[in-house]
Amino acid sequence: NTGPFFQYTYARIKSVLKKAESAGLKVTGKGFTSVLPAAKELEVLKLLLKFAPTVVEAGTGYSPALVANYCYDLAKEYNQFYHDYSILGETDSYIKEFRLALSESVGEVLSKGMGLLGVEMPERM
């Protein structure tokens with residue numbers, strides 16, 4: 001569960017988002033109301049919902065390892081999603097936007113989680 005694994009995942013997400021931006025794609029939120037997520041996407045969404053409770057538990061229990069373990073699980077699940085599903089190559093515009101928004105959310109949470117632990121997240125590696 002090393003920092004470079006989290007950093008690599010974050011840099012991967014930032015790269016996808018930059019490519020999307022260069023292609024004129026924007027995340028507007030339409031995808032979230034128009035897409036029925038696939039199983040792997042649901043797993044990532046479920047993990048995203050666990051961030052705040054994990055931070056609270058880590059704080060009250062004085063256990064920063066909970067945040068590190070959470071970030072590891074999120075990065076691992078996201079990387080599996082990234083491997084299994086096309087993001088920028090998706091032909092359905094709603095699904096593409098949903099996957100971009102999901103990626104953006106994972107990046108934000110990884111950055112916040114690692115920031116709590118004092119780990120900087122580079123946009124490129």
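Colleague: Among contacts in the chain between residues at least 6 apart in sequence, what percentage join residues at least 24 apart?

Modeller: A contact here means heavy atoms within 4.5 Å, and among those between residues at least 6 apart in sequence, 80% join residues at least 24 apart. Please keep in mind that this is a predicted model, in which local features need pLDDT of at least 70 and side-chain atom pairs count only at pLDDT 80 or more, while totals for chains, interfaces and linings use all residues. Residues are numbered from 1 along each chain as its sequence is written, and side-chain values use heavy atoms, with hydrogens and water left out.

Colleague: How many helices and strands does the chain have?

Modeller: Both are DSSP runs numbered from the N terminus, helices being H or I over at least four residues and strands E over at least two; by that reading the chain has six helices and zero strands. Its radius of gyration, taken over C-alpha atoms, is 15 Å, close to the 14 Å that the globule rule (2.2 Å times the number of residues to the power 0.38) gives for 125 residues, so the chain is as compact as a globular protein of that length. Along the principal axes, the C-alpha atoms fill a box of roughly 45 × 30 × 25 Å.

Colleague: Is Arg99 buried or exposed?

Modeller: Buried means under 20% relative accessible area, exposed over 50%, and partly exposed in between, with a 1.4 Å probe and protein chains only. Arg99, which sits in helix α6, is buried at a relative accessible area of 7%. Leaving aside residues up to four places away in sequence, Arg99 touches Glu41, Phe81, Tyr85, Ser86, Ile87 and Glu90. For the chain as a whole, 36% of the 125 residues count as buried.

Colleague: Which residue other than glycine has a positive phi, near 50°?

Modeller: That residue is Tyr62, placed in the loop between α4 (51-60) and α5 (65-84). Tyr62 is exposed, with a relative accessible area of 75%.

Colleague: How should I read a pocket, and which residues line the largest pocket?

Modeller: Rolling a probe the size of a water molecule over the atoms shows where empty space is left. On a 1 Å grid over the protein atoms alone, a pocket is an open set of points where a 1.4 Å probe fits, with protein on both sides within 12 Å along at least five of seven lines, and lining residues have an atom within 4 Å of a point. The largest pocket holds about 190 Å³, a volume being the space filled by probe spheres set on grid points that are joined across faces, edges and corners. Its lining consists of Lys14, Leu17, Lys18, Ala20, Glu21, Leu25, Lys26, Val27, Leu100, Glu104 and Glu123. Helix α1 gives the most to that lining, with five residues. One of the lining residues, Glu21, lies in helix α1 and is exposed, with a relative accessible area of 63%.

Colleague: How do the lining residues of the largest pocket divide into nonpolar, polar and charged?

Modeller: Ala, Val, Leu, Ile, Met, Phe, Trp, Tyr, Cys and Pro count as nonpolar, Asp, Glu, Lys and Arg as charged, and the others, Gly among them, as polar. The lining of the largest pocket then has five nonpolar, no polar and six charged residues. In the second largest pocket, with about 150 Å³ of space, the lining has five nonpolar, one polar and four charged residues, and α1 again gives the most, with six residues.
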